[in-house]
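Visitor: Hi, got a minute to walk me through this one? I'd like to start with a strand pair and then see how the chains relate.
Guide: Happy to. Let's put it on screen.

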Number of protein chains: 2
Amino acid sequence: MTANLRIMPLGGLGEVGKNMMIVEYGRNIIVIDAGMMFPESDMLGVDHIIPDWQYLRDKKEYLRAIIITHGHLDHIGALNHFLREFKVPVYATRLTRGLIEVKLKQERMLEQTTLHTFAAGDVVDIGPFTIEPYHVCHSIPDTVGLGITTPAGLIVHSGDFKFDPTPVDGWPTDEAKLAEFSSRGVLVLLSDSTNSDQPGSTPSEAVLDDAFHQIMREAPGRLIIATFASLISRVQQVVNVAQRHNRKIAIAGRSMIENTQMASDLGYLKIPPDMLVKLEQVKKLPPRQVVIMATGSQGEPMAVLNRLATNRHQSLHIQEHDTVVLSSHTIPGNEEMAYRVINRLFQRGADVQYGPLAQVHVSGHPGQEELKRLINMLRPRFFVPIHGELRHLVQHAKLARELGLPDKNVAVIENGYPLNFDGGRMRIGERVPGEYVFVDGSLVGEVGPELMRQRDGLAQSGFVTAITRYDRKKGKTLGRLRIITRGFVYVPDAEELLSKARAIVRSSASVQRGTAPEQVEDKVEQALSSFFYQETGRRPVVTVVMLEG
Amino acid sequence: MTANLRIMPLGGLGEVGKNMMIVEYGRNIIVIDAGMMFPESDMLGVDHIIPDWQYLRDKKEYLRAIIITHGHLDHIGALNHFLREFKVPVYATRLTRGLIEVKLKQERMLEQTTLHTFAAGDVVDIGPFTIEPYHVCHSIPDTVGLGITTPAGLIVHSGDFKFDPTPVDGWPTDEAKLAEFSSRGVLVLLSDSTNSDQPGSTPSEAVLDDAFHQIMREAPGRLIIATFASLISRVQQVVNVAQRHNRKIAIAGRSMIENTQMASDLGYLKIPPDMLVKLEQVKKLPPRQVVIMATGSQGEPMAVLNRLATNRHQSLHIQEHDTVVLSSHTIPGNEEMAYRVINRLFQRGADVQYGPLAQVHVSGHPGQEELKRLINMLRPRFFVPIHGELRHLVQHAKLARELGLPDKNVAVIENGYPLNFDGGRMRIGERVPGEYVFVDGSLVGEVGPELMRQRDGLAQSGFVTAITRYDRKKGKTLGRLRIITRGFVYVPDAEELLSKARAIVRSSASVQRGTAPEQVEDKVEQALSSFFYQETGRRPVVTVVMLEG
């Protein structure tokens with residue numbers, strides 16, 4: 001039998017509960033967030049990864065709603081896939097809803113979706129649950145954490161958050177609400193572990209003002225500031241500082257143009273109308289009056305910054321005295337690409353401010369002292385670290401134990417492990433089936449480990465296919481021999497190797513009369529593979545086709 | 001005409017002069033180091049990269065010697081390739097020579113190579129050059145920097161170095177020698193830029209003692225310490241601390257076993273004989289008396305740590321109360337792999353100490369304050385930052401200018417740009433031809449950009465090859481149609497897609513009588529490609545073969 005209350009993170013093997021959490025009580029389920037992950041570098045050809053919601057398929061009729069904490073892709077990026085399977089209402093704050101609408105419109109799914117706007121401070125009843133979104137600071141405005149009252153007790157889900165006393169929009173995390181939750185008694189706290197290995201507190205967004213002032217004062221020419229397209233508050237901050245330095249603002253990159261447009265329309269971003277100029281008009285301004293906000297701080301091949309670094313941007317080109325600022329942290333796995341872009345920008349003569357050299361970015365997640373503060377404020381009975389890799393959760397759990405939570409009240413779980421709350425205890429249940437769901441082109445979930453292995457083999461050494469006709473009666477090949485190869489050797493330089501390979505096909509296909517073509521194919525494949533390994537030290541995918549007749 | 005003195009870094013587009021530098025005077029050339037680089041993640045199938053020494057091929061008879069600063073792979077890893085082309089004597093210190101001998105023996109090249117041992121403090125005349133190796137601290141013992149007296153003046157090449165006042169082997173960087181060089185007057189300083197973006201000084205190796213003491217005291221069971229196989233001084237340090245905690249030492253991983261054996265034989269590593277145990281004997285000891293030194297701190301798939309993380313090691317398995325320490329920094333590009341290994345070790349129940357959580361590693365390269373100190377000690381007339389990506393060189397050049405070196409006396413150059421010293425001036429010459437030389441299996445330099453593109457295409461979406469016989473007279477296919485595919489779709493699940501594809505081949509190959517098979521192949525390829533893109537959103541490499549007859 002199922003426990004009365006069940007909480008479970010869903011996803012693949014990466015960050016736990018970041019992309020999706022479910023809360024289940026009896027025959028009622030609410031889902032929190034539906035985000036996507038980006039593939040690691042050995043997940044070849046995969047566009048992105050979505051949570052495995054196999055568990056929900058058997059319980060479709062129990063689903064009451066999906067609640068979104070904020071508008072980042074790792075929280076909304078799988079919503080289109082999710083809503084295709086589950087027709088449930090979506091709850092989100094105004095800005096988050098705006099971002100969701102952009103996405104659903106692209107997918108032509110906007111009209112058949114029910115979207116509810118809620119705001120921090122609202123109280124929403126959904127089945128047996130009472131949802132109370134509360135404001136938190138994060139690197140995108142209008143982010144919320146959630147109080148979820150269930151018949152078994154109060155759950156607090158921190159969302160992605162930090163305690164920033166001086167955020168750009170002047171709206172700090174709602175500590176009064178947290179105090180109120182605490183006074184009601186918190187059954188379980190689910191809290192953001194992203195930075196649980198960082199000592200201290202995350203610096204306030206306000207510290208960046210000084211750095212931006214200094215850079216704008218000293219930069220001898222144009223300033224190009226790259227950051228995440230969703231980092232609306234960073235754009236606001238740059239606008240504020242630029243205004244005092246008499247610099248105009250241009251926006252480069254489709255996603256940043258869309259996001260800033262939408263955030264301006266909804267009032268989350270305020271750019272004085274005479275400050276905003278089109279990218280094409282930048283040429284006409286004195287360089288010291290220009291700031292360009294751009295995408296591509298991770299070195300993404302198609303984004304603005306890489307196109308500038310390789311001089312492939314339509315209207316913008318790096319010129320002497322340009323200063324480029326990378327106002328973001330580099331996501332693990334992107335370092336090579338980002339550093340390559342930085343080196344190329346230097347090569348073109350720009351000065352580049354980045355990473356440890358200048359304080360031009362602060363994280364959107366809480367450091368260890370903030371994490372402890374949240375636990376101490378809420379004094380939850382049970383504690384579950386979420387939003388992080390296992391190493392982050394372990395670290396976060398250590399902090400909770402240091403604050404006095406008993407071992408058995410702290411659960412470090414991976415995606416797919418249910419937590420059952422019953423009779424005043426928390427028990428970890430059996431893992432439900434599920435793994436990575438890869439999205440590759442329009443294929444969802446059809447690309448699995450076997451295909452990854454095949455792609456890896458091809459990526460390492462390419463393939464060779466040898467094709468000829470075969471006469472079974474004579475035990476001999478017949479007519480022309482075709483060799484198709486890609487990714488193995490550079491054909492114009494490999495004449496000798498390939499002509500030896502042809503001789504091997506002919507000779508090893510010379511067999512006893514009446515031998516079945518399948519047998520000959522196997523034999524020739526083996527001979528060719530050994531030959532190639534001997535000659536080149538590599539193992540391309542070798543296939544031999546003997547067409548009978 | 002050539003300048004009297006020419007200095008040039010060789011290599012690909014990565015770190016400048018790290019893998020090879022040349023010094024040329026008239027008809028005399030000496031080469032410094034012959035190292036290899038590891039490929040970046042988009043260099044598919046490449047084993048490693050060696051410098052492009054095209055420039056030297058035309059000047060073979062001028063080559064006098066190759067001088068090696070220390071035994072790391074990025075300084076000796078291309079020596080076998082180099083010596084195959086250039087039969088010149090090699091100069092190295094004792095330990096470095098030991099490491100070179102291991103490598104040349106594997107390649108069966110030891111006997112035909114002339115190896116000279118020199119020591120810090122020696123003076124070696126080679127043609128018009130006088131070479132004075134001097135001791136420097138680095139993360140491998142017996143490392144040297146070089147004073148190179150040429151008729152045009154004194155060059156100082158820093159090698160990889162740091163100023164560590166309390167190194168593990170008690171042998172600090174030879175500042176007296178540097179002072180002497182300074183008093184003679186230094187024409188040009190070539191200096192290590194690896195950490196030029198790190199403020200302050202690199203902490204001494206000695207600071208790790210405290211961390212290791214604490215970890216050995218608190219670890220409730222076995223300790224597994226992973227680091228670079230070449231980090232002999234780290235092994236020594238662990239041995240010293242382990243001795244005081246009554247722990248025995250076992251070594252896991254072939255490269256680490258070989259290196260520690262060789263360093264012990266030459267006296268660079270001192271392990272008391274009763275402390276060293278075989279890995280197989282570890283089981284018989286109480287867990288609190290065990291330290292295992294292992295390879296794999298970068299998450300390398302075949303190294304010990306990953307095999308432990310995935311439970312695929314022959315004799316060693318993670319057990320409860322094991323503590324794993326990653327005593328190394330993660331090289332950019334390896335983060336994903338390293339973190340995956342850490343997560344899996346946690347999953348198996350080990351505690352893991354790493355990265356920012358514990359001070360268990362210090363760099364082998366100098367921070368900004370040390371770099372300034374070297375420049376101030378030597379007061380060179382010209383300054384050339386080397387050993388770093390362009391971004392590091394730019395940063396290092398800024399430091400030199402801050403110390404008062406005139407702009408025109410500081411040269412930031414990339415690999416392949418010669419610096420010509422003539423008439424008291426330094427001029428940057430025209431870039432000599434050269435690019436990345438990829439080593440892939442036994443192929444050296446034959447794998448180029450076109451092949452990389454093909455592999456990338458295959459890695460993204462795999463390939464489909466359709467093969468059938470074709471009757472030109474009838475303008476029709478004949479007999480069986482074979483479809484070979486890898487990395488595109490998982491065949492057991494793609495019956496419908498592939499059977500539609502067959503129908504498309506048949507129908508689009510039904511053409512006017514007499515059509516040449518090449519034309520039909522083109523037509524069918526286009527039809528198939530569009531079909532697959534439409535159905536899956538992906539573009540596999542499609543090839544169609546129509547065998548006539």
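Visitor: What stands opposite I30(B) in β3(B)?
Guide: That's V23(B). This is a predicted model, where local features need pLDDT of at least 70, side-chain atom pairs count only at pLDDT 80 or more, and totals for chains, interfaces and linings use all residues. Residues are numbered from 1 along each chain as its sequence is written, while chains are lettered from A and ligands numbered from 1 in the order in which they are written.

Visitor: How do strand β2 and β3(B) pair?
Guide: Antiparallel, over five bridges, with β2 of chain B covering residues 20-25. Strands are DSSP runs (E, at least two residues), numbered from the N terminus, and two of them pair if DSSP finds at least two bridges between them.

Visitor: And which residue in that hairpin takes a positive phi?
Guide: G26(B), near 55°, in a hairpin with two residues between the strands.

Visitor: What is the bridge partner of I30(B) in β5(B)?
Guide: A65(B). Strand β5 (residues 63-67) of chain B pairs with β3(B) in the parallel sense, over four bridges.

Visitor: Why is β3 of chain B largely enclosed?
Guide: Because four of its five residues, 28-32, are buried (20 or more other C-beta atoms within 10 Å of a residue's own, with C-beta atoms placed from the backbone).

Visitor: Switching topic: what turn lays chain A on chain B?
Guide: A turn of 180°, with a shift of 0.0 Å along the axis and an RMSD of 0.2 Å, superposing by least squares on C-alpha atoms of residues with pLDDT of at least 70 in both. The two copies are therefore related as by a two-fold rotation axis.

Visitor: Which C-alpha of chain A is nearest the axis?
Guide: That of A459(A), 2.4 Å from it.

Technical notes
Buried ≥ 20, exposed ≤ 12 C-beta atoms within 10 Å, placed from the backbone.
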